[in-house]
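Colleague: I'm new to this structure and would like a close look at a single part of it. Could you walk me through the charged pairs?

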Amino acid sequence: GLQFCVSPVLGQIADYYDTVSINYVQMLVTIPSFISMVIALASGKLVLVISKKKLLLISSLIAFASGFAPLFVNSFAVLFISRAIYGIAMGVATTLNTAVVAEFFEGDERVSVMGIQGASVGAGMVLVTTVAGWIGKNDFRNAYYLNIIGILAFVLLFVFLPETGVVKSEGKEDVHMNKDVFILSFFCMMEFFFLITFNTNIAMHLSGNLAGDTSASGLLTGVFSGVQIVAGLVLGYITKITKKMTMSCAMLSLAVGTLLIAIAPSNMILLIIGHKTRGM
């Protein structure tokens, strides 16, 4: 959830660093995702030399350090670079969280735990965005303090995650991905592209009485994440009902919710409904 700790206060950051292009301000949310994609691709090789637990512990420390750095140096360049470095932690965590679930759980239990994992991500986003909007109302820099979550994650991982050592390479495997996998991956990439774009810009596109209200933007992102929690917890039941149409239903829900947000940027009720629909 720390990726979005600055989302509710982007408007204030843009006003404070008024000589900086608005495009760079918006990239404070998207640059971690870009860096994380590169790191995610490298993670498969890293687990051959460093254990998953050690990599996750390192990523937690990186998240903490990069999040607190802008508190000590009042510079947009430092803030931007720190957000990019956070992308390293995000890339490792995004990849290995799923790998850890796959390693310790099988069958239907794995599907359920995957849902719980998604719910935990949603819970993090609820906490981070809602609190960031609240404590950052008077000073956007207060939102940086939320990166203490990095240390909390470090402690929990250190105590509870078993150490399984490095992954042993078993030679080359003859694995081929068919075109359906690539098509699905492309649409998933496009989904997250627009999803992050909306989360990045929601604070800057509220109109009417909601314009500039950091607590409102934090609440809306929190609502989206809250529904994500519920959907994650019941994912096992959802897949049993929707079967092969699960992904299609998810895309339809996202599209309807996004449409509501686009046509009603000043109506809090419709914005909440739209974010609830997107979160499903």
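Colleague: Let's begin with Glu-103: which side chain does Glu-103 meet in a salt bridge?

Modeller: Happy to help! Please keep in mind that this is a predicted model. The partner you are after is Lys-52, and the N to O distance in this salt bridge is 3.3 Å. The pair links distant parts of the chain, with Glu-103 in helix 4 and Lys-52 in helix 3, 51 residues apart. How covered are the two ends? Lys-52 counts as buried because its relative accessibility is 12%, under the 20% cut-off. Glu-103, at 37% relative accessibility, counts as partly exposed.

The search of the whole structure finds three salt bridges, so let me show you the others too. Helix 3 also holds Lys-54, whose side chain meets that of Glu-163 in a salt bridge (3.4 Å, N to O). This pair, too, links distant parts of the chain: Glu-163 sits in the loop between helix 6 (149-160) and helix 7 (179-205), 109 residues apart from Lys-54. Both ends are partly exposed, Lys-54 at 45% relative accessibility and Glu-163 at 40%.

That leaves Arg-141 and Asp-139, whose side chains meet in a salt bridge at 3.4 Å, N to O. Arg-141 is partly exposed, with a relative accessible area of 25%, and Asp-139 counts as partly exposed at 25% as well. As a general idea to take along, side chains of opposite charge can pair when their charged atoms come close.

Conventions:
Residues are numbered from 1 along each chain as its sequence is written. This is a predicted model: local features need pLDDT of at least 70, side-chain atom pairs count only at pLDDT 80 or more; totals for chains, interfaces and linings use all residues. Side-chain values use heavy atoms; hydrogens and water are left out. A salt bridge is a side-chain nitrogen of Lys or Arg within 4 Å of a carboxyl oxygen of Asp or Glu. Helices (H or I, at least four residues) and strands (E, at least two) are DSSP runs, numbered from the N terminus. Buried means under 20% relative accessible area, exposed over 50%, partly exposed in between (1.4 Å probe, protein chains only).
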